[in-house]
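Welcome! Let us walk through this structure together, one part at a time.

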Amino acid sequence: MDIFTAASRLSRPAVVGDEPMALGDHGVIGDGHTCALVGLDGSIDWMCLPRFDSPSAFARLLDAENGGCFRISPAAPRFESLQAYDDVTNVLQTLFRTDTGAAVLTDFMPWRDDPRSSIHEVHRLLEVRGGQVEMQIVFDPRCDYARGETHIELAEHGAHATGPQGEQISLSAGPDVRFERRSGGGVVARFSARPGQRVWTVLSWRSLRPEPVAAYRPFEHMRSTRSFWRQWASRLDYDGPWRHDVMRSALTLKLFQYAPSGAMVAAPTTSLPVTYGGDRNWDYRYSWARDAAMATRAMSLIGYDDEALGYFHFLRDQIDHRGQLDLMVAIDGADVPEEVILSHLAGHRNSSPVRLGNAARGQVQLDILGAVLDAAWLYERLGGTVSIRLWRQLRELADEAAKLRHEPDHGIWEPRSAPSHHVHSKLMIWVALDRALRLAPRFGGDVEATAWRRTAEAVRDDILTRGFDTASGSFVGDYGGNRMDATLLLMPQYGFLPANDPRVERTLERVRRELGSGSFLRRYQGGDGIDHDEGAFVLCGFWLAEALALAGRIDEAVDVFNAHVSAANHVGLLAEEVDPTSAAPLGNFPQAFSHLGLIGAAARIDLALRVRDEGAERQPRHAIDPFGPEPGAR
């Protein structure tokens with residue numbers, strides 16, 4: 001597909017120059033081990049090597065002056081830029097237009113047949129499409145989060161960088177590219193790109209010296225990478241009205257899966273602010289049990305069984321090998337590091353602090369018990385087989401849920417305040433017990449079933465009593481409280497109550513009234529131990545769209561869904577949050593939660609549309625209701 005057509009979602013080309021790109025002005029590429037964010041100006045502004053959670057090699061996104069970048073762009077002070085993915089792939093193209101000509105930059109990370117053995121390279125191809133363009137290449141790595149000096153040596157075929165911890169990065173370029181030292185740091189090459197000319201550059205991790213660029217076989221890697229993504233995209237089992245958006249979300253989530261373990265990072269970035277000048281800047285380059293469970297559901301619904309299986313097996317292995325379930329782990333299953341602040345980095349657009357690690361690792365979040373058992377039940381329902389060994393571990397989780405049902409916790413949103421009795425956490429304890437009851441018959445019944453059923457009924461009664469505000473006739477976020485929480489929208493989705501229950505209907509209306517801003521939703525009301533406010537949470541907006549669809553308010557659901565899809569950037573990527581007034585992206589970017597929510601809402605609304613408009617009895621796989629009653633269970 002021609003980039004002019006693919007980029008038609010932009011109302012006009014962006015005019016860029018030397019100033020750093022805004023958060024949403026980036027596409028993302030990856031290789032199943034890490035990701036790189038590429039700006040409209042052709043600059044790789046964020047990349048950690050060799051893994052998502054490794055120290056950064058380029059961190060211009062977190063410090064415009066000191067973070068480091070790898071930029072290929074016109075040398076002109078101002079130029080036009082368009083950016084789009086090459087059809088249904090994660091190969092990114094950026095079109096530059098100057099007064100003298102036009103050129104296209106193609107960026108990708110080679111994807112191997114077995115991505116567990118990544119070659120850790122970035123391939124960049126510049127092609128002139130008309131006229132002549134004065135170009136420049138800036139190679140300025142600042143390894144280890146720029147905590148020490150990175151030394152760069154010029155070489156026959158490019159340049160070589162050695163970081164403060166012994167990191168080795170080579171940049172190879174074609175024979176027409178000659179680097180020289182740059183006054184602001186790093187090296188730079190300037191050259192005139194002529195019509196028909198193709199200029200390759202290849203970044204290689206752990207390479208002792210740059211080789212001739214042809215030795216990296218870039219054309220072969222480009223063909224095989226494009227071929228892989230197109231074949232992968234052909235497996236999509238969704239033909240609803242938002243196929244393009246679902247496809248892009250699936251492609252993005254695939255980039256977030258760490259191939260060696262099957263883990264999924266919540267986002268490939270850290271410390272991108274949800275409020276400029278605030279301190280809600282978190283490191284999301286780890287794997288949450290909740291996210292993995294949600295990914296199992298979403299990818300199963302649209303036909304990506306291998307990916308769903310990877311997420312589920314990673315969850316399984318954490319239970320099996322550790323003897324417990326942590327709410328978050330590193331992508332290899334190790335402990336998440338302690339939270340520290342990098343005070344030498346200014347932060348994105350000078351919004352500090354920049355954090356590594358995540359202090360929420362020590363929180364108690366009881367909802368993950370329900371999320372994991374629900375993922376196991378869905379895995380079975382869609383054709384998988386839970387082993388007896390795993391079932392023993394799941395029984396222990398169900399028993400733990402029953403034991404902890406009276407305990408407070410920190411809840412899904414990870415506040416830095418004291419634990420509370422969150423209604424959502426109680427709901428997910430009920431889900432854990434309910435799903436254990438659904439799974440038990442597959443193993444010949446279970447002696448715990450009677451106790452689980454009795455406890456599930458008690459939890460249900462407790463929520464209906466203590467989680468309900470009689471004055472407003474709606475559920476509330478905490479026992480004994482009166483604040484709203486967007487997680488209350490999930491009650492019908494998990495099968496706790498039907499969507500047409502008056503209590504659910506009143507809760508939906510109150511959530512929209514008290515948390516809503518136009519079509520967008522904030523997560524909750526009230527203090528959470530963290531200074532400063534935040535924007536609207538994208539996932540919560542997709543929950544709202546699902547809740548409206550379940551309630552039969554399909555036109556409203558479509559409007560809310562479309563508003564959130566429109567909040568994606570020029571290449572279809574969604575941030576964690578948006579400014580509810582401008583829809584500008586906020587928080588870590590791109591965000592798995594947001595794309596998982598898009599897939600779930602698209603499937604739910606498509607089912608509602610089919611039933612309303614076609615009365616269809618036989619539904620496609622993506623329209624399966626994973627939380628509805630299961631024939632033969634219990």
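Which residue in β7 stands opposite valine 16? The partner is phenylalanine 79. Please keep in mind that you are looking at a predicted model. The two strands behind this pair are β1 and β7, the latter covering residues 79–85, and three bridges link them in the antiparallel sense.

Now step back to the sheet they belong to. It is an open sheet of nine strands, and its order reads β1-β7-β8-β9-β10-β17-β14-β13-β12, with antiparallel pairing. At its edges are β1 (14–16) and β12 (151–155), each of which pairs on one side only. On average, neighbouring strands here are turned by 20 degrees against each other, direction ignored. As a reminder, strands of a sheet pair through backbone hydrogen bonds, either parallel or antiparallel.

A helix accompanies this sheet. Helix α3, made of residues 218–233, lies across β8 (92–97), β9 (101–108), β10 (121–131) and β17 (198–205). Its direction makes an angle of about 70 degrees with β9.

Next, find another open sheet, this one of three strands in the order β28-β29-β30, again with antiparallel pairing. The edge strands are β28 (536–537) and β30 (585–586), and each pairs on one side only. Strand β29, residues 577–578, runs antiparallel to β30 and is joined to it by two bridges. Here valine 578 stands opposite proline 585 in β30.

Let us turn to a pair of helices. Two packed helices are described by the angle between their axes and the distance between the axes. For helix α13 (residues 554–565) and helix α14 (residues 592–613), the angle is about 150 degrees and the axes lie 11 Å apart. Angles over 145 degrees count as roughly antiparallel, so α13 is roughly antiparallel to α14. The crossing of α13 past α14 is left-handed.

Which residues meet here? From α13 come Ile554, Asp555, Ala557, Val558, Phe561 and Val565, while α14 brings Leu598, Ala601, Ala602, Ile605, Ala608, Leu609 and Arg612. Sorted by class, the contact of α13 with α14 holds eleven nonpolar, two charged and no polar residues.

Finally, take in the whole chain. It has 14 helices and 30 strands. The radius of gyration is 25 Å, close to the 26 Å that the globule rule gives for 634 residues, so the chain is as compact as a globular protein of that length. Along the principal axes, its C-alpha atoms fill a box of roughly 75 × 50 × 45 Å.

Conventions. Residues numbered from 1 in each chain as written. Predicted model: local features only at pLDDT ≥ 70, side-chain atom pairs only at ≥ 80, totals over all residues. Heavy atoms only, no water. Axes fitted to C-alpha atoms, helices over the stretch in contact; angles between N-to-C directions. Helix = DSSP H or I, 4+ residues; strand = E, 2+ residues; numbered from the N terminus. Parallel < 35°, antiparallel > 145°, perpendicular 65-115°, else oblique. Left-handed = near helix turned anticlockwise from the far one by under 90°. Contact = heavy atoms within 4.5 Å. Nonpolar A, V, L, I, M, F, W, Y, C, P; charged D, E, K, R; others polar. Pairing = 2+ DSSP bridges. Rg over C-alpha atoms; globule rule 2.2 N^0.38 Å.
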